[in-house]
Every structure is written in C-alpha cells, then in structure tokens.
Amino acid sequence: MIENRQESLRLLEAMIFAADKPLQVGDMMQWFPNVDEGEIFELLKTLRQDYDGRGITLVDNGGYWSFRTATDLSEQLNMEVEVDRKLSRAAMETLAIIAYHQPVTRAEIENIRGVATGRGTLDILTESGWVKPGRRRETPGRPLTWVSTSGFLSHFGLESITDLPGIDDLKSAGLLDRRPAVQTVPLSGELFDEGGEDAQDSDE
C-alpha cells in the first residue's frame, strides 16, 4: 500500500533517471517492498502522464522503462559537426595520381606508386567526395577507372582540372625534388676511373 504517493512518484522518477539501463517493474519493487506490481504500474502511468508533451518522455519498451527525448524533437536535436582529419600519405599519393592521370585504373595507380593500394584508401577519398568511379576501360577485364569530382575542384579552389599546378610550379613551391626523378644509369665502362679503381660516389 502506497502511503505517500507524491514521495513515491519522486523516488520512482529518480530511480529511472539514475539507472544506467532501462528498468523492469521487478527492479523497481526492490525500493517498494510493501507495494505490489499493480500499484507500481499505476505510479508509472501517472509519471508518464506528468511528462506528456515535455521534452523528455517516459517510455515502455517491452516492459523496460526509461526516459527518452521526445521523438518530435529528434530533427531539431540533430547536429552536424565537421571533423578535420589528415589524409594518410597513401591517400594523398593516390589522390594526386588520380588528379593528374585521370581516368586511371587501380592497377595503374599501383604501378605508379610501386605498392598495392588498399581498398580503404579509395573508400576514404570517395567518402570525402573528391574522387568517384569513372567509365570502365574497353580492355580485357574491363577495369574500373577513377576520376576526380567537382568537390575536389571546389575544395582546392580550382575552376577546372587544367588549373592544377605543373611540375615547375610544384618544384618552385618545394613540393617536388628539383633533381631528376630518374638518374641516368652510367655505362659499365664509366663505373671505373682510368686506374681501374671504383669511382667515388658523387655524394661523398
């Protein structure tokens, strides 16, 4: 028998609010030793009516009771947060190859980089909105090609793909080594000086 209904409602409210998971009536009865299940349900019904129309509501999901935010407020509570994250070296290299060599297949990207390209790398660039699948090549296997998007141009302030900096521009900005990418391999006779001894490395 509930002696003080208002105090019991307050206790029930605090109990549900403080619980780390939804509660069943059996859980609640531990704090109401002299009250039967029917009276607990009456308290829950009253408490749910008290919260009706407010920002927080009391809900019953299959006998498990908990407080939830009102469903009609869900759209207003949604908040989009932009999270900055750095691209990995593999992702940056892959993006540059696609931008400069598009349309380009995954095999061609791997050939240029010299290493296998993980599926996650292309997934990250696709999710960022910077690359997308292009047409399939009319070659055996019809491999899929990859191209950059308008989002890529917008992010990097480019009007068209032709506005990408050239090799000289990249070198002057310090983004590329000024030395030739591939050194000329000397003939076998040039590896030795006139005395027949190994020539010194030019870097030494």
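# Exercises: reading a fold

F156 is partly exposed, with a relative accessible area of 43%. We'll come back to that ring soon. Keep in mind that you're looking at a predicted model.

**Exercise 1. Find out how many helices and strands the protein chain has, and in what pattern they follow each other.**

Step 1: Go through the chain and count. You should get nine helices and five strands.

Step 2: Now write them down in sequence order. The pattern reads α-α-α-β-β-α-α-β-α-α-β-β-α-α.

Step 3: Add some numbers for the whole chain. Of its 204 residues, 25% count as buried. Among contacts with a separation of 6 or more, 41% link residues 24 or more positions apart.

**Exercise 2. Work out what kind of aromatic pair F152 and F156 form, and which residues share a cluster with them.**

Step 1: Start with the test for a pair: ring centres must lie within 6.5 Å of each other. By this rule there are three aromatic pairs.

Step 2: Take the F152 and F156 rings. Their centres are 4.9 Å apart and their planes make an angle of 50°.

Step 3: Under 30 degrees would be stacked and over 60 would be edge-to-face, so what's left is called tilted. The F152–F156 pair is tilted.

Step 4: Look for company. W130 joins F152 and F156 in one aromatic cluster.

Step 5: Compare how the two Phe residues sit. F152 has a relative accessible area of 4% and is buried, whereas F156, at 43%, is partly exposed.

Bonus: another ring has a charge for a partner. The charged end of R54 sits over the ring of Y51, 4.6 Å from the ring's centre.

**Exercise 3. Decide how helix α5 is oriented against α6 and against α7.**

Step 1: Locate α5 at residues 89-101 and α6 at residues 106-113; these two pack at an angle of about 115°, and their axes are 10 Å apart.

Step 2: Angles from 65 to 115 degrees count as roughly perpendicular. That's why α5 and α6 are called roughly perpendicular.

Step 3: Check who does the touching. From α5 the contact uses A90, E93, T94, I97, I98 and H101, and from α6 it uses I109, I112 and R113. This crossing is right-handed.

Step 4: Repeat with α7, residues 119-127. Its axis and that of α5 come within 10 Å and cross at roughly 70°, so α5 and α7 are roughly perpendicular too.

Step 5: Here A90, A91, T94, L95 and I98 of α5 meet T121, L122 and L125 of α7. The crossing of α5 and α7 is right-handed.

**Exercise 4. Is L44 buried or exposed, and which residues does L44 touch?**

Step 1: Place L44 first: you'll find it in helix α3, residues 37-50.

Step 2: Buried means under 20% relative accessible area. L44 has 0%, so it counts as buried.

Step 3: Skip residues up to four places away in sequence and list what's left: L44 touches L12, I16, V25, M28, L58 and W65.

Step 4: Pick one of these, L58. It is 14 residues from L44 in sequence, and the two C-alpha atoms are 8.3 Å apart in space.

**Exercise 5. Is Q6 buried or exposed, and what about T105?**

Step 1: Q6 belongs to helix α1, residues 5-18. The cut-off for exposed is over 50%, and Q6 reaches 53%, so it counts as exposed.

Step 2: Q6 and L43 are 37 residues apart along the chain, with 9.4 Å between their C-alpha atoms.

Step 3: T105 is in strand β3, residues 104-105. Its relative accessibility is 5%, so T105 counts as buried.

Step 4: Leave out neighbours within four places in sequence, and T105 is in contact with R137, P143, L144 and T145.

**Exercise 6. Find where the backbone has a cis peptide bond and where a residue other than glycine has a positive phi.**

Step 1: Know what to expect. Most peptide bonds are trans, and most residues other than glycine have a negative phi.

Step 2: Check omega. Q102 and P103 are joined by a cis peptide bond, with omega about -10°. P103 is in the loop between α5 and β3.

Step 3: Check phi. R142 has a positive value, near 40°. This residue is in the loop between β4 (131-136) and β5 (144-148), and at 40% relative accessibility R142 counts as partly exposed.

Note on methods
Residues are numbered from 1 along each chain as its sequence is written. This is a predicted model: local features need pLDDT of at least 70, side-chain atom pairs count only at pLDDT 80 or more; totals for chains, interfaces and linings use all residues. Side-chain values use heavy atoms; hydrogens and water are left out. Rings of Phe, Tyr and Trp (its six-membered ring) pair if their centres lie within 6.5 Å; planes under 30 degrees apart count as stacked, over 60 as edge-to-face and the rest as tilted. Buried means under 20% relative accessible area, exposed over 50%, partly exposed in between (1.4 Å probe, protein chains only). A charge sits over a ring if NZ of Lys or CZ of Arg is within 6 Å of the ring centre and within 35 degrees of the ring normal. Axes are lines fitted to C-alpha atoms, for helices over the stretch in contact, and angles run from 0 to 180 degrees between N-to-C directions. Helices (H or I, at least four residues) and strands (E, at least two) are DSSP runs, numbered from the N terminus. Angles under 35 degrees count as roughly parallel, over 145 as roughly antiparallel, 65 to 115 as roughly perpendicular and the rest as oblique. A crossing is left-handed if the near helix is turned anticlockwise from the far one by less than a right angle, and right-handed if clockwise. Contact means heavy atoms within 4.5 Å.
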